[in-house]
Amino acid sequence: MAAWFKPKRYGFGAAPSSWQGWALTIAYVAIVTALAVWFSADGAQVAQRAPSFIVITLVLTIIFVGIAWRTTEGG
């Protein structure tokens, strides 16, 4: 399996190094952005929807980081 991400030279984390890594990163950002727009569509209920948005975003972030971690060159 080819590495989708490579460790950053300086600092913590990894950066996309293949089209799969970029596709995953763009999809993650697009989904979180779409959720933010959808959850804030009705300004009167933003406070009620915030916990749901936070939980969904947290789950998506855990999935994204897990995939990135497993597909990073050198672990």
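Two rings of Phe, Tyr or Trp count as a pair if their centres lie within 6.5 Å, with planes under 30 degrees apart called stacked and planes over 60 called edge-to-face. With that in mind, I would like to take you through this structure, which, I should say at once, is a predicted model.

Let me start with the chain as a whole. Its secondary structure comes to two helices and two strands, and if we walk from the N terminus the order is β-β-α-α. The radius of gyration is 15 Å, well over the 11 Å that the globule rule gives for 75 residues, so the chain is more spread out than a compact globule. Along the principal axes, the C-alpha atoms fill a box of roughly 45 × 20 × 20 Å. Buried residues account for 17% of the 75 residues, and the accessible surface comes to about 5,600 Å², of which 71% belongs to carbon and sulfur atoms. If we take the contacts between residues at least 6 apart in sequence, 41% of them join residues at least 24 apart.

Now to the rings. How many aromatic pairs does the structure hold? There are four aromatic pairs, and I will describe two of them, beginning with Tyr28 and Phe64, which are stacked at 4.7 Å centre to centre with 15° between the planes. Tyr28 lies in helix α1, residues 19-39, while Phe64 belongs to helix α2, so this pair ties together parts that are 36 residues apart in sequence. Is Phe64 buried or exposed? Its relative accessible area is 17%, and because the cut-off for buried is under 20%, Phe64 counts as buried. Ring pairs also bring in Phe5, so that Phe5, Tyr28 and Phe64 are linked into a cluster.

The other pair I want to show is Trp38 with Phe39, which is edge-to-face, at 5.3 Å centre to centre and 75° between the planes. Here the two partners differ in their exposure: Trp38 is exposed, with a relative accessible area of 60%, whereas Phe39 is buried, with a relative accessible area of 13%.

Finally, let us turn to the surface, where Val55, Val59 and Ile63 make a nonpolar patch of about 260 Å². Of these residues, Ile63 lies in helix α2, which covers residues 46-70, and at 47% relative accessibility Ile63 counts as partly exposed. Helix α2 therefore carries both Phe64, a partner in the stacked pair with Tyr28, and Ile63, a member of the nonpolar patch.

Definitions and conventions
Residues are numbered from 1 along each chain as its sequence is written. This is a predicted model: local features need pLDDT of at least 70, side-chain atom pairs count only at pLDDT 80 or more; totals for chains, interfaces and linings use all residues. Side-chain values use heavy atoms; hydrogens and water are left out. Helices (H or I, at least four residues) and strands (E, at least two) are DSSP runs, numbered from the N terminus. The radius of gyration is taken over C-alpha atoms; the globule rule is 2.2 Å times the number of residues to the power 0.38. Buried means under 20% relative accessible area, exposed over 50%, partly exposed in between (1.4 Å probe, protein chains only). Contact means heavy atoms within 4.5 Å. Accessible areas come from the Shrake-Rupley method with a 1.4 Å probe; for residues, only the protein chains shown count as cover. Patches are made of residues with over 30% relative accessible area and no salt bridge: like charges are joined within 9 Å, nonpolar side chains (Val, Leu, Ile, Met, Phe, Trp, Tyr) within 5 Å. A salt bridge is a side-chain nitrogen of Lys or Arg within 4 Å of a carboxyl oxygen of Asp or Glu. Rings of Phe, Tyr and Trp (its six-membered ring) pair if their centres lie within 6.5 Å; planes under 30 degrees apart count as stacked, over 60 as edge-to-face and the rest as tilted.
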